[in-house]
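Subject: Structure for you to look at

Dear colleague,

I am passing on the structure below, with notes on what was found in it. Please read them with the model open.

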Amino acid sequence: MNTLVIEKSALKNNISRVKELAGGAYIYANLSGDGYGAGALPLAQFLRDEGIRRFCVDSAQTAAALRKAGLVDEEILMLHSTSDREVLEQLCDLNAVCSIGTLEAGMALNSLAEGRATVIEAHLQIDCGMGFGGFPAEEPEKIVSLIRNLPNVAISGVYTQIHSMKKDGQDASAQLEGFRQIVEAIHAAGFETGTVHAAGSFALLHYDFARLDAVRAGSA
């Protein structure tokens, strides 16, 4: 059986480099795929000791494991948009931040919040061409229209995934600019976007993430 060996000194060095590249921006540590095979829980605990306080997960089960292990004050963002009522219930009970990448997901979350007589926090997921899900960057009017119809949802962030290579003749910088235009369109409509963040690790190493509030890094 193969064994994955992770050198803590090398990991610390990588974390320092990511912090350097992020400047004053927040850092979201992506724990998808069980921490890219390293184990989401031990990796999260290690990162917390290194000063990381924001985490992204790909399942409610991972979010629950982090909370159970004592990460109670850290922000946990569910990266996948869903309209599944049971999953949304679990995420809300865990005080995790939900993602909204479709009209159905937005309305489902708003309905849940309305039923609980509360306001639920969520981030908007924007698709700049990666196909990872989210609202197409070319349709800002649909995003603005949805926000207007979510009285029980507090939009506290907006995010996207950036290409790591050229696509249709455009590189990641063009995709990043398209994302910024979406953010500007939301602001122009009179709405706040909260924390504006983008990924991934390759793009962070090679492109200018200035003017963003936060960055996400995983495989780095």
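The chain exposes about 10,900 Å², and carbon and sulfur atoms supply 49% of that area. Please keep in mind that this is a predicted model.

Overall form

Of the 220 residues, 47% count as buried. A compact globule with 220 residues would have a radius of gyration near 17 Å, and the chain has 17 Å, so the two agree. Along the principal axes, the C-alpha atoms fill a box of roughly 50 × 45 × 35 Å. The secondary structure consists of nine helices and nine strands. When contacts between residues at least 6 apart in sequence are taken, 61% of them join residues at least 24 apart. As for charge, the chain carries 18 positive and 27 negative charges, and the mean positions of the two sets are 5 Å apart.

Nonpolar cores

The largest nonpolar core has 61 residues, of which Ile100, Leu109, Leu124, Ile126 and Phe179 touch the most other members. Helix H8 (residues 172-188) gives this core its largest share, six residues. Another core, of seven residues, lies apart from it; Tyr28, Cys56, Val97 and Ala214 are among its members.

Ala198

Strand E8 (residues 195-199) contains Ala198. Is Ala198 buried or exposed? Its relative accessible area is 0%, and buried means under 20%, so Ala198 is buried. Tyr28, already named as a member of the seven-residue core, is 170 residues from Ala198 along the chain, yet the C-alpha atoms of Ala198 and Tyr28 are separated by 9.4 Å.

Two loop residues with positive phi

Which loop holds Asn95? Asn95 is found between helix H5 (85-93) and strand E4 (98-100). Asn95 is not a glycine, but has a positive phi of about 55 degrees. The relative accessible area of Asn95 is 59%; exposed means over 50%, so Asn95 is exposed. In sequence, Asn95 and Glu121 are 26 residues apart, while in space they are 8.8 Å apart, C-alpha to C-alpha.

Ala117 is the other residue to check here. Its phi is likewise positive, about 55 degrees, although Ala117 is not a glycine. Ala117 lies in the loop that runs between helix H6 (103-115) and strand E5 (120-127). With a relative accessible area of 70%, Ala117 is exposed.

Ala189

The loop between H8 and E8 holds Ala189. This loop therefore joins the helix that supplies six residues to the largest core to the strand in which Ala198 lies. How does Ala189 count in terms of accessibility? At 28% relative accessibility, Ala189 counts as partly exposed, since that class lies between the 20% and 50% limits. Leaving aside residues up to four places away in sequence, Ala189 touches Val144 and Arg148. Arg148 is 41 residues from Ala189 along the chain, and their C-alpha atoms are separated by 9.7 Å.

In short, the three alanines described here run from buried Ala198 through partly exposed Ala189 to exposed Ala117.

Regards

Key:
Residues numbered from 1 in each chain as written. Predicted model: local features only at pLDDT ≥ 70, side-chain atom pairs only at ≥ 80, totals over all residues. Heavy atoms only, no water. Helix = DSSP H or I, 4+ residues; strand = E, 2+ residues; numbered from the N terminus. Rg over C-alpha atoms; globule rule 2.2 N^0.38 Å. Buried < 20%, exposed > 50% of the residue type's maximum accessible area, 1.4 Å probe, protein only. Contact = heavy atoms within 4.5 Å. Areas by Shrake-Rupley, 256 points an atom, 1.4 Å probe, with all protein chains shown as cover. Lys, Arg positive; Asp, Glu negative; His and termini not counted. Charge placed at Lys NZ, Arg CZ, Asp CG, Glu CD. Core = buried A, V, L, I, M, F, W, Y, C linked by side-chain atoms within 4.5 Å.
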